Amino acid sequence: MQEIMKKRASELLLDGTVSRVIGWKAGDFVYDITPAVFESAEEIEKDFVYTAFCGANLSKYLVKESKKPGKTLVFLKPCDSYSFAQLVKEHRVNRDSVYAVAVECRGKADVDKIRDCGVKGICGISEENGTLTVDTVYGDKTLPLSEVMLEKCASCKTRKHAVYDELLGEEGEEVADCDRFGKVRELESMTPEERYEFWRGELSRCIRCNACRNVCPACTCEKCVFDNDNSGIAQKAAADSFEENMFHIIRAFHVAGRCTDCGECTRVCPQKIPLHLLNRKFIKDINELYGDYQAGADPDTRPPLTDFRTTDAEPSIVYRRGEK
Amino acid sequence: MDRETNRVREQVLRMSGVNVLKCMRCGKCSGTCPSYEEMDYHPHEFVYMVEKGEIDKLMASESVYKCLTCFACVERCPRGVEPAKLIEAVRLEMVRKQGQNRLKPDRIPALLDEELPQQAIVTAMRKYTK
Amino acid sequence: MQVNNTEFKPKIVAFCCNWCSYAGADLAGTNRLQYPADVKIIRVPCSCRVNPIFILRAFQRGADGVILCGCHPGDCHYTTGNYYARRRMTLLFSMLDYLGIEKERTRVEWVSAAEGAKFAATMNEFVQTVTKLGRNRKLEDLRCRK
Amino acid sequence: MIYSYYPGCTLKTKAKELDRYARRSAEALGITLNELPEWQCCGGAYTTAQDEIATKLASVRALAAAEQEGGELVTLCSACHNVLKRVNHDLLTDGEFAGKVNRYMNPEQPYGGKTKVVHYLELLRDTVGFDELAKKVVKPFTGKKIAAYYGCLLLRPGKVLAMDDPENPVIMEDFIRAIGGDPVIYPYRNECCGGYVTLEDQALAVKKSSAVMESAEGFGAELLITACPLCLYNLNKTDGFGTEVHYFTELLAEALGVKD
Amino acid sequence: MQRIGVFVCHCGTNIAGTVDVKAVAEALKSEPGVVFSTEYQYMCSEAGQNIIKNAIREHQLTGVVICSCSPRMHEATFRKTASAAGLNPYMVEIANIREQVSWIHKDMKAGTEKAIILGRAAIAKVSLNAPLIPGESPVVKRALVIGGGIAGIQTALDIADAGFEVDIVEKEPTIGGKMTQLDKTFPTLDCAACILTPKMVDCAQNEKIRIYSYSEVSEVKGFVGNFTVTIKKKARYVDELKCTGCGECTEKCPQKKVPNAFNLGLDNRRAIYIPFAQAVPKVATIDADYCNMLKNGKCGVCAKVCGAGAIDYKQKDSFIEERYGAIVVATGFNPIKLDAYEEYGYKQSKDVITSLELERLMNAAGPNGGTLLRPSDKTHPHTIVFVQCVGSRCDDGKGKSYCSKICCMYTAKHAMLIREKYPDTEVYVFYIDVRTPGKNFDEFYRRAVEEYGVHYIKGMVGKVAPQPDGKLLVQGSDLLADEQLRVEADLVVLAAAIEPDKTARSLGTMLTASMDTNDFFTEAHPKLRPVESPTAGIFLSGVCQGPKDIPETVSQAGAAASKVIGLLAKDKLTCNPCVAHSDEMLCNGCSACEKVCPYGAITYSDKEFRGPNRTTLIRRVASVNDAVCQGCGACTVACPSGAMDLKGFSNSQIMAEVDAICK
């Protein structure tokens, strides 16, 4: 797959269809993959990678890159394509200046989970039919991909793209048995005290590194309210128990109805806080109260928080719902 | 109002659940009452006199035993005052007193006739005794 | 009504729409309908002006309960504002509940300009509910309580 | 269609016909009435005092038993209907009362007013349907001018009993039409007959009942029907009126051809 | 640095009675930014306002906080005061320590504490206030009057008189309203038609007035000075321009069994009809529910007999869009349905009627040509009982809680007219109270008793029992005689409560004008602004605001007209400066704000910005049209970046208030 992509990207750069390519390149280690902009076929040849560690969602980089002259090529995994469509819907990215290449994806690997399996000294990885072959300094190890997948891939909702100009590889299907709200339901069934303890345990670890915000394709504000001294709620660092609550609730609220559930927030969190559970709570509530809605699925439907029905549920539904 | 009067008044109000202050003195209860002519104190007077605390007079009068509990006054009161409930409360306040049962069981045989349904006896027992 | 800590006086912030509930509160005043002094009203032009940030901020600064009052659905002075507010608050309250915050600390009530009695009754009831819950310990910012 | 059935004390003694004809007619209409196994007398009168618990427990037992057996309880006597419906309403709407009752009786399954109390007439109207009933009539009362006497217990308080407009009811008139008769509408059909006061002050009851008879006859009634044994008794105690008073179930049985 | 002045009002003892105003002024003196703090008996008085003005000048105040009554009461007053002293009027904030403190709290300590906290919140807010300069918006010089009864007619005539154009929308085929159905009017007994029909004709002939009869308002957009209203003209199947009102069709139509709504169903009319002889416009209307031609295509008589060729069976509802500067609501009332009061036997006897039906029975143009006859057997009634307060003053879940206000007087009128015309008729009036506050009203009622011998009985009727002989046995209380009274009457007249017209509720929603729980429109202030809705540009005329009689309606109609004239006389309106604005540097261009704006006040454009390294970036940013924005703030919450904010109620101002309250 990687080679097909490299070939196609080089072609398009060379024939002038696109002026740059957003893709992935490896850092110091093979699992240390970062998004990167390539401006020539040489750069592609040298650094471009597409491996089981390419979980990163590239769509957000379009906000900046697509403003540059010429077209920008972006590689989109199925989940990334929804983020891209949502950004187009919100006028953050100009559709015409993007050449979207859809690539197939069967799930990406979580290096920590691989390590948890006792695999050390990773220096290469390849995937075939759901089996990962990890090349380590101690020799090759094989692992089923399903056991070491990123959280966001384990609860993947669809392997089908929302939008693209060109497809490389095979288009996947929607995941029929996806149960991405399982954990949310589990939390909902707890007592308020248990929930509070759960979230205190998680959120109190927050170090306010802002990784979740910086990676989030819905968090593309010109200036975040939490960075704006004039907003009255600017905070740089978590200093006490409430601040991270405030930050994460407001962040989740700001992306409510816009979050495509790409799962990047949880992937990048250095403290392993399951932040996607906040977003999924909003998605679940929205689906239940206002009808199923998938951000990025189509360009026209009004996002639920800028829409209403006169027959919407009253806020008091929150009090009744919990009663047994 | 002395303390005892006030206690009885409060008791009657609590027992009946009636808010006498809602009455606007229209007299529709008394205009509607089928037992009006048999009563010394009429439904609207019950409301007013309970308000004023003159419950002794009401308890002593035959009127409390003449209410048919037909609920016409309750149904028709424009203010939702429910005079019948007040009359019942005054009557209960009376018959619940020691030795004040209106209907003694030994009196009953004399009052019966062949056709009289049980219903009448049990209802009367419930109305006239504690 | 049993309240364990009779000393506890909750801090309640009420956001009131200028066109209905604020006028309803005025009417409650004009009619001398009593409700506890714990309730402090902030006037907003419409329930849709209330940002979830304001509500969290109130809790952060030590409020024990926050209530938002607006026009009845369908009667918004600006036609549609309260419909948006309704969705926003429903989701926000649900999220607070999800985080284990006592859901009774937050409330939305529709009170028209003519409903002075409803305003007073709502506030009495809300204060009672919040008083029973006691002090908000889960959301306050400890630096804000001296 | 199977319903629990609460006959009440009078239907077992002085008003056996009311009960008998109701059962026969129900059978003819394909309705099974299962008499509650251990019912107690409802007491004849609902006590309005808010502090009364004991006088309502017999009703609660019947209501709770009916809940176990399907949840719908049919009554026939106006007084039982009145008492059962009102006690049930209290349980449903007054949580404090329901709490007290359940603490006192301490039943296995707390009872909260879920049983639906249905008067036999409501059964005819809402379940059988008067149109359907009319089709099953074999001996119609064609041309017979029949006056319905509701009395007070069947209709009031209107908000609680929720049977019909308490001031201008139609359920019994519709029933009369269904069995082929000609309903006579007269203003005293929902005025009190004198009720239980007859025990102490029969003159009062006679006076009230006479007004009813006079009004009905004035409007041309040839026959009166009622659902209440005490109404029937009081109306029969009047003097100088020729019109017969019957239980409505008797006419129903006759019309359906199951009287004998 | 802000220099804030604090002014605490005693409001006589209204505030000072439960709030220690001196302590409040003293406590607020030490708040940050406060350089002056004082209290005075009546801040809104001239002397009080002078204290404020002097302090602004003397202490060079940059902000003013007034602790007083509700801002809904005197915010405008104090803004003017500040302005007069050279301070921007939007640098004034009010802490409501009357409605929200002294009137609802009895405890001086708690009240004083709360007043101080509210004062602090206002100080915190005013510290962040910025001077605002209101914009202007043009005024469309045309008014719309919804409802063509006496209220609407009078309002329209007065507006037209001042030289402004005005349209009347009336849902019935003719204007005139309820008053056309009345026979005589109290307290002078002149005939309703004689005083009303000239006004109807004036409306028709006035070139400034356009009448949309048989029409309804179906949509309202816009705001004060510039409303856009869609009017639905219902199909009447007659071309209004061609119809001459000759009435030929209404005589030849073979469908004769249509209940005559104008006579409240007491007689019949044809399927094509003109409601009454003096109708304006005098144009026929086909009742589609009864017309055989429209129902099954068989007939066509009216088209045949119409010399003007005005009949048009294919006519459809049409919609007209008009712009108006002001809207007057004059939707009027109806008597309530009496279904819940069958103890009076309204449905059980034809001879139990409502007062409005009696008007028709007594009217010369009514079903009996003015002779009072019983509906059942057309005989002359010798005993008539009037029952007052049927459905009024009720708290029974069935009727209305309010007094309908007009019944006492019209019943006295009816009683008097009957006694005058038919001296052999005995008239009884069962009343709870007789309410006659009005010029010459009590004298009128006394005449009914003293000169006309009407029997007024203090008490209520419990039951009306129709008798076999056709009489009505009325059983009621005579409370003063302490007896249960029985009257054998021939006719019983019920004074049914009145309620706002059923169209009022949906209209209120369309106009975003607030209503009370009874569906009466709410006035901007119950005493001081009784003919204005709290929604700017919406005015109230007649019973739509509350029960009232004709003289009161006409005076309110004139008052509403004068308010409209005052508005239309302006070329431009000062806009509310508390509008949204977008910080372009923060705007993402995401369109969330645009989606929630009910006024379409937000537009987007691509703008050039300086990027890093001397590059130019083109960004899509929102901007707000100040004249269109009404300042609801929906956009401010939709905006995640905080680019959109509301002047006068900014994020930081509201948060400052929150902080001050929670401190």
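Which helix of chain E is largely enclosed by the rest of the structure? In this predicted model, it is helix H11, residues 355-362 of chain E, because seven of its eight residues are buried. Those buried residues are Ser355(E), Leu356(E), Glu357(E), Leu358(E), Glu359(E), Arg360(E) and Leu361(E). What surrounds them? The buried residues of H11(E) pack against two strands, S19 (333-335) and S20 (352-354), then against helix H12 (407-421), and also against strand S27 (491-496), each of these belonging to chain E.

From H11(E) we can move on to the nonpolar cores. In soluble globular proteins, nonpolar side chains tend to be buried together. Here the largest nonpolar core holds 259 residues, and the members that touch the most others are Ala143(E), Val328(E), Val329(E), Val492(E) and Leu494(E). Helix H12(E), met above as a neighbour of H11(E), gives this core its largest share, nine residues. There is also a second, separate core of 225 residues, and its members include Val225(A), Ile12(C), Tyr22(C) and Leu68(C).

Val328(E) is a good place to pause. Setting aside neighbours within four places in sequence, Val328(E) is in contact with Ala143(E), Leu144(E), Val145(E) and Ile146(E), as well as with Thr155(E), Phe539(E), Ser541(E), Ala560(E) and Val564(E). One of these partners, Ala143(E), is itself among the core residues that touch the most other members.

Now let us step back and look at how the chains meet. Six pairs of chains touch, and the pair with the most contacts is C and E. Some pairs stay apart: chains A and B do not touch, with 30 Å between their nearest C-alpha atoms. Chains A and D are not joined by any contact either, and their closest C-alpha atoms are 17 Å apart.

The meeting of chains C and E deserves a longer look. It involves 42 residues of chain E and 45 residues of chain C. On the chain E side, at least two residues come from each of the helices H3 (71-84), H4 (98-102), H5 (108-127), H17 (634-638) and H18 (651-662). H18(E) makes the largest contribution to that side, eight residues. Sorted by class, the chain E side has 19 nonpolar, 15 polar and eight charged residues.

One residue to find in helix H3 of chain E is Arg72(E). Is Arg72(E) buried or exposed? It counts as buried, because it has 21 C-beta neighbours inside 10 Å. Beyond its neighbours within four places in sequence, Arg72(E) is in contact with Ala23(C) and Asp26(C). Compare its position with that of Gln653(E): the two are 581 residues apart in sequence, and their C-alpha atoms are 19 Å apart in space.

Next, follow H18(E), which packs against a helix from each of these two chains. Two packed helices are described by the angle between their axes and the distance between the axes. In chain C the partner is helix H2 (residues 52-60), whose axis is 9 Å from that of H18(E), at an angle of about 20°. H2(C) is therefore roughly parallel to H18(E), and the crossing is right-handed. Phe54(C), Arg57(C) and Ala58(C) from H2(C) make this contact with Ile654(E), Met655(E), Val658(E) and Cys662(E) from H18(E). Six of the residues in the contact are nonpolar, none is polar and one is charged.

Within chain E, H18(E) also meets H5(E): their axes come within 8 Å and cross at roughly 150°. H5(E) is therefore roughly antiparallel to H18(E), and this crossing too is right-handed. From H5(E) come Ile117(E), Arg120(E), Ala121(E), Ala124(E), Lys125(E) and Ser127(E), which meet Gln653(E), Ala656(E), Glu657(E), Asp659(E), Ala660(E) and Ile661(E) of H18(E). This contact has six nonpolar, two polar and four charged residues.

Our last stop is the pair B and D. Here 34 residues of chain B are in contact with 36 residues of chain D. On the chain B side, two or more residues come from each of the helices H1 (3-16), H5 (63-66), H6 (72-76), H7 (83-95) and H9 (118-128). H9(B) gives the most, nine residues. By class, the chain B side has 18 nonpolar, seven polar and nine charged residues.

How values were computed: Residues numbered from 1 in each chain as written. Chains lettered and ligands numbered in written order. Predicted model: local features only at pLDDT ≥ 70, side-chain atom pairs only at ≥ 80, totals over all residues. Contact = placed C-beta atoms within 7 Å. Helix = DSSP H or I, 4+ residues; strand = E, 2+ residues; numbered from the N terminus. Nonpolar A, V, L, I, M, F, W, Y, C, P; charged D, E, K, R; others polar. Axes fitted to C-alpha atoms, helices over the stretch in contact; angles between N-to-C directions. Parallel < 35°, antiparallel > 145°, perpendicular 65-115°, else oblique. Left-handed = near helix turned anticlockwise from the far one by under 90°. Buried ≥ 20, exposed ≤ 12 C-beta atoms within 10 Å, placed from the backbone. Core = buried A, V, L, I, M, F, W, Y, C linked by C-beta atoms within 7 Å.
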